[in-house]
Amino acid sequence: MSRFTKEMETRAYELLALYPEKRSATIPLCHLAQEQNGYLTEESMVQIADLVGTTPAEVLGAASFYDMLHTEPVGKYVVGVCTNIACLLQGGEELLGHAEEKLGIATGATTDDGMFTLEDMECIAHCDHAPALQVNYRFFGPLTNDGFDTLVDDLSAGKLESEVPPHGTLSRVQRKHPIAVPLEEIVRHRRDSDAKEGERLAAKAAAEAKEGSN
Amino acid sequence: MTDSEKKLKLTVNGKEVESAPGEMLIAAAEKAGVLIPRFCYHPRLEPVGVCRMCLVEVKGPRGFTLQPACYIAVADGMEVVTDSDKAKKAQDGVLEFLLANHPLDCPVCDKGGECPLQDQTLTFGPSESRFVEEKRHFEKPIAISKLVYLDRERCIQCDRCTRFAADIAGEALIDFEGRGGELHIATFPDKPFASYFSGNTAQICPVGALTTTPYRFKARPWDLEQVESTCVSCAVGCQMVVQSSENEIVRYLGIDSEAVNQSWLCDKGRFGFESVSSAERIPSPYFNEASGMVETGWSQALDKIAKALKSAEPESVAVIGGSHMANEDIYTWVKLAKGVIGTDSVDAQLDDGLDPKIVALSDRATIQEATQAKLLILMAGDLREELPILFLRIRSAAKKAGLKILEISLSETSLSEEAEVSLRYFPGHAEELVNGLFGAEIDPQLFAGDLQAARALVSSVDPASVVVVGGRENLADSSLDPERAIAKLLDTLVGSKFLSGLRRGNVNGAIDLGMVPGFVPGRSQLQAGNEALRAKWKTLPRKAGRNSKEILESALKGEIKVLFLLGADLISDFSDSALAEKALSNIPMVVGIDTLTNRTTSHCSVVLPATAFAERHGSTTNIEGRVSTLGKKLVGFSLSRPEWMIAVELAAYMGEDLGFENLHDIWGEIQEVSQLHRGLSIAALGAPGAKEGIVVPLSASKVQISTRRVLDPIATPGITSVGVSGPPSSSAALPGEGDPVLSESTYSPQRSKLLELLAQNDRAKAGPEADNFALVVSKRLYDHGVEVMSAKHLSELVAPSKGRVSPKGWGQIGLNGSGLTRLQGNGASVELELVVDPSLLDGVVKVEFDGALGEVSKLFGVDNSTSRVKMEKV
Ligand code: SF4
Ligand code: SF4
Ligand code: FES
Ligand code: FES
C-alpha cells in the first residue's frame, strides 16, 4: 500500500490547499507519505508529482536532498547518533561504535527484523546533553553504552510507543481547523504587495531619472 | 526611449563598455571582446550562478569583491576587472575544485577535443592538482534513454541539462539527486529521459557527462568536417550543422538562429541522419519485372519513361510527392510537369495537409510574429508531435512573455496547458465552432470549453494583431471542415496573419513554387496566368488538375497512364492505403524516385535513386516562407542523382531542354518567373548575415536578415571546435558570398475572402451516435514512416499506436484495467490499446497514425464524411 490511503489523501488535499503554489506542498506531502509508509516509496513520489504538478524526478530530487526523507525502506525506529563536535568530545563516535555492535549492523543499515536503522548525524542541537541521539527525531541523551542498550531494549519491547511513534510520524497533533487565511486572501495580499513594490520601484526610477536629467 | 533601449556605461578591465539594463555582466563583457570563463551560463537558459567559474571583481561600496558575472546584471558606472590576480586565483580555484572529482577520461571521452572543461582548464586553470584523495565513483555511463548516456563521474553539476529539460522542454525528467558530494543527475527509476528534445542536453553539456548513443565513439572532433544546413525532417526548418567523418554523417548540432530554432533541435531531426547511410538506400535504377527488381542503367530507365510519356495525354500524367525535395528540385519538376508535359495534376501533399489556397493566398506570419502576437489561435495538430521546435518557441513565449493562446482542437495537446482558453469540438464541426466564436448559436453537444471566455478573448484584441496557426489535426476527416474554419478565422479577423502548420519538410516551398494543383510558381494561381512564365515555359496546363486523392481515384478509372512518385511512399503515408494500393496497380507506368526502399517501391514500374539530404546543395522553405540553404557534405550515394537533374535528363530524353545546367540557372529562373522570390539572389542567400534564411516576399523579411547570433564557444562547443571544411562556399553550387544584395519584391498576396475560394461544405452534419465512435487519426513524431524506421536509433523509439476515448466511452465499451480494443470501420478491423483521455468529447476515439504499419489507415476511407468506427473490448 504505497499510494495515499483515502484518509491520507484527504490530508494531502488539505495540505495542498495551504499553498498558493501547489509545488510548495512537495515537502509536506513527502512527510505525509513517509508517515504512511515509513519511507518514500516510488509510487508515492509519482503520486506526489501528480498532485503538485511536477515530475517524479523533481520530487525525488527534492526529497533526496533532505536527510529526514528516506527514499529507501528504513526500520520502524531510525536511530541517529550525533558525531558532531560537542558529542564527539563526549564520546559520540564511541557511542556509534557501540550502537553498531548492539544492533549488529553497520551505520546506514537496517536490522533484519526491520526494527532499527542506524545513522550518524551532524549536530542535532542537543549538545547540552552530549553524547546525544535521536530516535525518529525524538531526543535522547546524554547516553552511556548501557543507557543505549536499555533504550533499544525498551523500544523493542514496545515500552516507548507513546513517546516515539513509528518512523515518519512527525506529529500526532493534526490540523482540525479550516485554513485560517483563505487562499484568495493570500493571493490578493501577494498581488497588493507586488503592486506596491512595483510602484515603489517606478517612483524610485522616476526620481533617479529626474536626478539624472538635472 | 524605452527601457530596453536605454544605454548604460560600465568599465571592464579599464575599457568603457555600453550595455542595456537587465543584461548580464558576462554577456556585456563578451560583446566588448572580454570572454569570461563559464560553465553553467548559457545564453539561451535562465542564469543560475552555480558553477562559480565566472567570478570577476566588481567594485561596490566595500571596494572590489568577487562576484559571478553570469548572475549580476549590469549597472551604470559599474567597474569590473576580470583579469586581476584575485579573479584569476578564484577561477583557478574553482577549476581545481571541479577537477577534484573529475575522472579525466579525456582520451576515451566523446567530448575530448571540444570540451569546455579541457579548454578552460588549459586557459584559466592550475596546471597541477594538489588532490591526492580517491575521486568519487559511479557506475560508468548509464543509459538514461535510448538516445542519451549519462556518465555521472564526469558531471560538473552545471545545471544546464536540468534547466533545459525543466524550463525549455517543460519535462523535468532529469534532476539532481542527493546533496553535497553525493549530488548527481538522475532520472526517476523506470522513467527514462524519454523527451523529444533530449539530444539538446548532450549538445550543451560542457563536459562528456551526457553523450548521445548514435555518436558515441564515432569520431573525434578534430577529424570532423562540417557544413551549415537546414533540417528538413519537418517544416520548421531548424538551422544546423552537418558533421561528417570519412563521407559518413556522424551528427547534427543546432545552430543558434534567433528567428528559428534558437539553438535547439528535436530528436527526430537530430538523429534522423542515420537514414542517410541506411542499408535501405536505393543504389541504382531498377525495372520491376515479373522476375522481380532488375537493376538497370540510367539511360535505359529514362528512355523507357520518356517513351511512356510521349504516348500519354498530358492529363493522364500525374506527379505526387516532392515535399521533401529542395526548392530547385521542386521548381524543375513543376516546370517539367506543368510547363513541358502540360499536366496540372501535381500534388506535393498526400491528402494530409490543407488546401494550398489557404497557405498561398493568406498573409503569412513569421515564427517571431506568432510568438509576439497579441493572440495566437492554434488550429493545428499537436505541435510537439508535428513541428517540435515551433512548439518550444510558442511554449517559451507563453511561459516567459505571457503570449495569449486560444486553442481550438479535438483533444488536449501539449500546448493546452499554456492556452488561455481551449475549445474542443466534435469531428467535422470546426467551422460551426468558429462561427460560434463569432457569435452564432451552436449546439452544445458538439463542443466543450468556455465559449464565452473565448469570445471575450478574441474581442479583446485588435484583429490585426492575431496570428492563426493552421494545420491538419485529423487525417480521418475531410480537410474541408478545418480549412473553412481557418478561412473563417482569417477572413473575420481582418488583418490577422497565418502561420502554416503543415508539417512535411519543404511542403510550404512546394506550395510557393506551384507543386500543387491550380498553382504556378510564386503563390499565384494557374488561371491568373503569368507573362514571365509564358516567356520561359513551353506550355501551361489547359485544365486545372487533380490533388493526390483525385489522382488516385482517377487511376481507379484508368485515367492515369504515368504517375511519378517523388519520395512519396503512398502505401505507408497516404491516409487511405487501400485506395493507394488499388490505384497503383491500375497505372501502367509508376515511376518511383526515392532515396529509400519502402512499401511502395515494389508497386513501381521503374525505380530511380535520388540523392539524400546532405548529399546535395540547394535551398528549402519553411513554414514562414523562409528560404534557407541546404549544405552538401557527402558524395552522393552510389548512382543516385539529385531530383532536379533527373527531371532535366528526362526532359532531354523527351527531346526537350529545361535550360538548367546547375542550381544557379534554376534559381535565376525562379527569380524571374516568381514575383514572390524576386530579389532573393543567390548572393543574398549565401551571405553571412543571411545564413538563417530569408523570408519571402522580401518586403516581409527586412528584420530577419542579420539576426543570427554567433554564440559563445562554450554554448554549443561541438560547432566552434570543428572547422568549416569541404569546398569553400564560393565554389559550391548554391551559396554565394559577400553582402546580401536585396531588392524588394513587388509581390503582394491577392488577399480576397479566403472562404469564397473554398468549396461549400454541404455534407450531412453528423453528431455523436449511440454505438459508433467518430474517428480522429493524428500524427505523432515517431511513427512507422520510412524516415524514422530507417534511422536505427529512432526506429527503436517507435511504439505501437494507441487510442484514446473519453471516460464515458471507456465505460461504454466496458473496458476496465486493460484497454485492448477492436476497432472496426471501413470494412477493416484493427486491435489496439485504448487509454482514457478526459479532454475528448464523448463519442470520439482518437488514434495515432502508424505510417508504414498501415493498420490504422485501413479504418477510414477518404470520402467526405466523418469516419466512424465500432469498438469492442478484446
Ligand atoms: S550532465 Fe552535463 S549539463 Fe548536466 S549538470 Fe552535469 S555537466 Fe551540466
Ligand atoms: S523541429 Fe523540425 S526542422 Fe527542427 S529539428 Fe525537428 S524535425 Fe528538424
Ligand atoms: S554536536 Fe551533537 S547535538 Fe550538537
Ligand atoms: S556561475 Fe557564472 S557561469 Fe557558472
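How many residues does the contact take from chain B and from chain A? The answer is 14 residues from chain B and 13 residues from chain A. Please keep in mind as you read on that this is a predicted model.

Let's stay with that contact for a moment. The area buried between chain B and chain A comes to about 1,100 Å², and carbon and sulfur atoms give 64% of it. On the chain B side, the residues that lose the most area to chain A are B:Ala172, B:Arg179 and B:Phe188; together they account for 51% of what that side buries.

B:Arg179 deserves a second look, as its side chain also meets that of A:Asp67 in a salt bridge, with an N to O distance of 3.1 Å. The count of salt bridges between chain B and chain A is one. Polar contacts also cross this interface: the rule finds four residue pairs, with both residues at pLDDT 80 or more. Where in chain B does the side that touches chain A get the most residues? Strand β8 of chain B, residues 174–177, gives the most, with four residues. Sorted by class, the side of chain B that touches chain A has seven nonpolar, five charged and two polar residues.

Now let's turn to the strands within chain B. Here you will find an open sheet of three strands in the order β6-β7-β10, with antiparallel pairing. Its edge strands are β6 (142–143) and β10 (210–212) of chain B, each of which pairs on one side only. If you follow strand β7 of chain B, residues 148–150, you will see three bridges joining it to β10(B), and these two strands run antiparallel. To place the pairing at residue level, look at B:Leu150, whose bridge partner in β10(B) is B:Leu210.

The ligands make a good next stop. Ligand 1 is surrounded by 13 residues, and the closest are B:Cys155, B:Cys158, B:Asp159, B:Cys161 and B:Cys205. By class, the shell around ligand 1 holds ten nonpolar residues, two charged residues and one polar residue.

Which residues surround ligand 2? Four cysteines are easy to pick out in the sequence, B:Cys231, B:Cys234, B:Cys238 and B:Cys266, and they are among the residues around ligand 2. The others are B:Ser233, B:Val236, B:Gly237, B:Leu265, B:Gly269, B:Pro388 and B:Ile389. The shell around ligand 2 has eight nonpolar and three polar residues, with no charged residues, whereas two charged residues belong to the shell around ligand 1.

Conventions: Residues numbered from 1 in each chain as written. Chains lettered and ligands numbered in written order. Predicted model: local features only at pLDDT ≥ 70, side-chain atom pairs only at ≥ 80, totals over all residues. Heavy atoms only, no water. Near = heavy atom within 4 Å. Nonpolar A, V, L, I, M, F, W, Y, C, P; charged D, E, K, R; others polar. Contact = heavy atoms within 4.5 Å. Buried area = accessible area lost by both parts, 1.4 Å probe. Salt bridge = Lys/Arg side-chain N within 4 Å of Asp/Glu carboxyl O. Polar contact = N/O pair within 3.5 Å; in protein donor to acceptor, adjacent residues only side chain to side chain. Pairing = 2+ DSSP bridges.
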